[in-house]
Amino acid sequence: KQARDLGKATAWSATQAAEGMQFLSMAGFKTEDILKTMPGMLSLASAGAVDLGRAADISSNILTGFGLKASEMGRVGDVLTNTFTRSNTTLEMLGNTMKYAAPIAVSYGLGIEQVAAMTAKLGDAGIQGEMAGTALRGMMTRLSKPTKEVSKALAELGVEVKKDGKMKDMATLLAELAKAEEKLTDAGRMRANATIFGTEALSAASVLMKAAADGSLKDFEHGLKETGTTEEVARRQLDNLSGDVTILKSGLEGLQLTIYDAVQPALRSMTQWATEAGLDVHLTFMFGHAWEGREEMERTVALAHKLLASGHASTLQCTLTVPYPGTPLFRELDAANALATKDWDEYDMRRAITKTPLVSEAEIKCAIQEVYRGFLQPGALLHRLTSTRTLFDFGFYYRGIRSLIGHLVDFKA
């Protein structure tokens with residue numbers, strides 16, 4: 001139900017929302033946590049311009065890495081969006097950085113805002129993604145568990161990494177280091193930082209020490225606490241014609257799922273009742289409705305195949321929807337500018353007359369062909385043979401085969 005509700009209210013369809021839920025489930029999230037996480041995750045995916053699978057991966061990694069509850073997804077989304085909209089980073093880069101830095105940051109005592117701020121400053125200096133994550137992990141590890149050489153270098157500078165038994169805030173500690181190194185020569189400063197942070201994290205440490213010293217690191221961190229950013233960015237990205245079409249498509253898919261759920265049980269019951277009464281059931285399927293999408297067509301094809309194979313339907317026909325002039329459907333589509341053509345010669349059930357924003361005409365024709373191929377299923381063929389009563393039936397089958405071949409040719413994409 002939540003997937004359908006989100007499909008109606010966001011740029012993501014119900015099907016996409018359901019896939020996002022599946023990704024979170026695969027990441028070990030419980031149902032209750034998935035329901036809490038989904039709205040914020042969809043907004044983050046929209047704001048960060050990534051697919052739901054990647055957004056789910058990034059979100060779940062960060063929530064787990066920082067030990068945050070699913071209900072804090074809104075906070076996580078805003079921190080990330082505030083970061084990549086104000087620095088030379090992307091959501092993808094942030095995800096790769098956090099993957100390496102988050103677990104160590106928790107042990108160090110840092111929160112997501114502090115790590116995101118450092119990631120932003122490194123991004124502006126061209127140190128991004130996994131490179132930034134590796135550097136941050138190295139810095140935090142060497143400061144929280146200093147070797148004899150690191151401890152000696154810090155002692156010579158008169159800098160302590162802890163206060164009252166707890167690790168100092170990273171920005172504070174880096175600012176103290178930068179202050180203590182002012183008395184050193186450039187070469188001496190380089191040697192000291194190489195000893196403390198290691199050569200791999202040296203460049204990152206230099207960037208962050210400068211940002212900590214001038215106060216820009218703390219300022220950036222404070223700005224990350226602004227709330228509502230993710231939803232606002234996602235909304236702005238949809239505030240145009242392309243966004244209107246995207247939302248329309250999501251709403252159309254929700255409508256098609258509702259219609260299908262309402263019709264499918266009744267259709268199956270009627271065909272089963274008719275065959276039990278000894279009647280030959282003839283089905284008619286029509287593709288090419290404005291609200292129809294790929295999943296809807298796949299379900300319709302599957303239903304047709306199932307009814308044929310089970311013997312609950314003897315024959316069927318399948319065509320493209322044609323809104324004939326003078327009908328309510330034609331007037332409704334004409335008023336909505338949803339007719340693909342008004343060339344009456346085209347109204348022969350072999351081409352799409354209705355504009356279909358969710359699927360192409362080629363896809364519709366392929367679906368129609370698939371429906372007709374249902375006659376060739378072993379179950380459907382066996383049913384026809386076992387229900388043969390007279391020689392007249394064989395003539396009927398011959399005409400049916402010719403008709404089937406004709407339909408497959410007519411709807412060749």
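**Salt bridges, helix packing and selected residues in a predicted model**

A count of the salt bridges makes a convenient entry point: the total comes to 15. The model is a predicted one, and a few of these pairs serve here as a first tour of the chain.

One salt bridge pairs the side chains of Arg 86 and Glu 226, with an N to O distance of 2.6 Å. This pair links distant parts of the chain, since its two members are 140 residues apart. Arg 86 sits in the loop between helix H5 (73-84) and helix H6 (91-108), while Glu 226 belongs to the loop between helix H13 (216-223) and helix H14 (229-237). Arg 86 has a relative accessibility of 37% and therefore counts as partly exposed. Glu 226 is also partly exposed, because its relative accessibility is 43%.

Another salt bridge brings together the side chains of Asp 334 and Lys 342, at 3.0 Å from N to O. Asp 334 has 32% relative accessibility, so this residue counts as partly exposed. Lys 342, with a relative accessible area of 46%, is partly exposed as well.

Glu 370 and Arg 373 offer a further example, with their closest N and O atoms 2.9 Å apart. Both residues belong to helix H18 (residues 361-373), and because they are 3 residues apart, about one helical turn separates them. The relative accessible area of Glu 370 is 33%, which means that this residue is partly exposed. Arg 373 is likewise partly exposed, at 35% relative accessibility. Elsewhere, salt bridges with shared partners connect Arg 54, Asp 57 and Glu 92 in one network.

The overall makeup of the chain gives these pairs a setting. The protein chain holds 20 helices and 4 strands. Of its 413 residues, 46% are buried. Taking the contacts between residues at least 6 apart in sequence, 70% join residues that are at least 24 apart.

Two helix pairs show how some of these elements meet. In general, a pair of packed helices is described by the angle between the axes and the distance between them. For helix H8 (residues 129-144) and helix H11 (residues 186-197), the axes come within 8 Å and cross at roughly 85°. H8 is therefore roughly perpendicular to H11. On the H8 side the contact involves Met 139, Arg 142 and Leu 143, and these meet Ala 194, Thr 195, Ile 196 and Phe 197 of H11. By residue type, this contact of H8 with H11 comprises 5 nonpolar, 1 polar and 1 charged.

The second pair consists of helix H10 (residues 170-180) and helix H12 (residues 202-213), whose axes lie 8 Å apart at an angle of about 95°. This angle means that H10 is roughly perpendicular to H12. H10 contributes Ala 171, Leu 174, Ala 175, Leu 177 and Ala 178, and H12 contributes Leu 208, Met 209, Ala 212 and Ala 213. The residues of the contact of H10 with H12 comprise 9 nonpolar, with no polar and no charged members.

Several individual residues complete the picture. Glu 221 is found in helix H13. With a relative accessible area of 8%, Glu 221 falls under the 20% limit and so is buried. Apart from its neighbours within four places in sequence, Glu 221 touches Glu 113, Gln 114 and Ala 117.

Turning to the cysteines, the structure contains 0 disulfides. Cys 318 is buried, because its relative accessible area is 0%. Cys 366, at 38% relative accessibility, counts as partly exposed.

Finally, Pro 357 is placed in the loop between helix H17 (328-335) and H18. The relative accessibility of Pro 357 is 36%, so this proline counts as partly exposed. Pro 357 and Glu 292 lie 65 residues apart in sequence, and their C-alpha atoms are 8.5 Å apart in space.

Conventions. Residues are numbered from 1 along each chain as its sequence is written. This is a predicted model: local features need pLDDT of at least 70, side-chain atom pairs count only at pLDDT 80 or more; totals for chains, interfaces and linings use all residues. Side-chain values use heavy atoms; hydrogens and water are left out. Axes are lines fitted to C-alpha atoms, for helices over the stretch in contact, and angles run from 0 to 180 degrees between N-to-C directions. Angles under 35 degrees count as roughly parallel, over 145 as roughly antiparallel, 65 to 115 as roughly perpendicular and the rest as oblique. Contact means heavy atoms within 4.5 Å. Ala, Val, Leu, Ile, Met, Phe, Trp, Tyr, Cys and Pro count as nonpolar, Asp, Glu, Lys and Arg as charged, and the others, Gly among them, as polar. A salt bridge is a side-chain nitrogen of Lys or Arg within 4 Å of a carboxyl oxygen of Asp or Glu. Buried means under 20% relative accessible area, exposed over 50%, partly exposed in between (1.4 Å probe, protein chains only). A disulfide is a pair of cysteine sulfur atoms within 2.5 Å.
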